[in-house]
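Reader: I am new to reading protein models, and I would like to understand how the words used for them are justified. Could we go through some of them together, step by step?

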Amino acid sequence: MEIQYNPSETNYSALLDMFWKYHDSTAVNKTQYMSAIFYHDEEQQSLAQSSLILMQKNTPKKIQTKILPAERFYDAENYHQKYLLRRHTKIFQSLNLTDSQVIHSSVAARLTGYLNGYGSVSKLTEECHKWGLNEDLIKMIIKVVEKTTMNGGCEGGVCKK
């Protein structure tokens, strides 16, 4: 995942904090799914390495996350794009997005988060009416998010029952 951010609204350190909070950095994965933090300059490299050292002090298992220089970014295969949204087949298909649109759609990105337990139903209701979706689709999305919330939410895409 590549993240572009506005430095006047957040900073690299805040993104690192979010990364460590919402990511299992101890999971051992194949190279394709490896845990990595990429940096663009020496300052980011130093911040990333310092955050890894701090996390390791508070984590009993060995952290597997690598700190690497940012090079060319490659998009994942289409079936990986907004994977958690794609699991909600009816909603995903109702969006009628091309593969390229899925990659770049902020609506698809926002929906992915909401459908997987990140964010509140009230915030979703407020936001989704601005996306130009029809009312039936909005009701379907809200129903799924309410169900997810009632089941204890989701963490890392794994929904609790």
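**Reasoning from values to words**

Author: Let us begin at the start of a helix in this predicted model, where N11 caps the N-terminal end of α1.

Reader: What makes N11 a cap of α1?

Author: A side-chain oxygen of N11 lies 3.0 Å from the backbone nitrogen of S13, and since a polar contact is a pair of N or O atoms within 3.5 Å, this pair falls under the cut-off.

Reader: Why is S105 called buried?

Author: Its relative accessible area is 13%, and buried means under 20%, so S105 meets the definition. S105 is found in the loop between α5 and α6, and, when residues up to four places away in sequence are not counted, S105 touches K82 and L97.

Reader: How do you know that the buried residues of α1 are on the same side?

Author: The buried residues of α1 are Y12, L16 and W20, and they cover an arc of only 75° around the axis, which puts them on the same side of the helix. On the other side of α1, D17 and K21 are exposed, while what covers the buried residues includes β1 and α2. In general, an α-helix has 3.6 residues a turn, so residues three or four places apart point the same way.

Reader: Why are the buried residues of α7 said to line one face?

Author: In α7, which runs over residues 121-128, V121, L124, E127 and C128 are buried. Seen down the axis of α7, these buried residues fall within an arc of 130°, so they line one face of the helix.

Methods: Residues are numbered from 1 along each chain as its sequence is written. This is a predicted model: local features need pLDDT of at least 70, side-chain atom pairs count only at pLDDT 80 or more; totals for chains, interfaces and linings use all residues. Side-chain values use heavy atoms; hydrogens and water are left out. Buried means under 20% relative accessible area, exposed over 50%, partly exposed in between (1.4 Å probe, protein chains only). Helices (H or I, at least four residues) and strands (E, at least two) are DSSP runs, numbered from the N terminus. The arc is that of the directions from the helix axis to the C-beta atoms. Contact means heavy atoms within 4.5 Å. A polar contact is a pair of N or O atoms within 3.5 Å; within protein, one must be able to donate a hydrogen and the other to accept it, and residues adjacent in sequence count only if both atoms are side-chain atoms.
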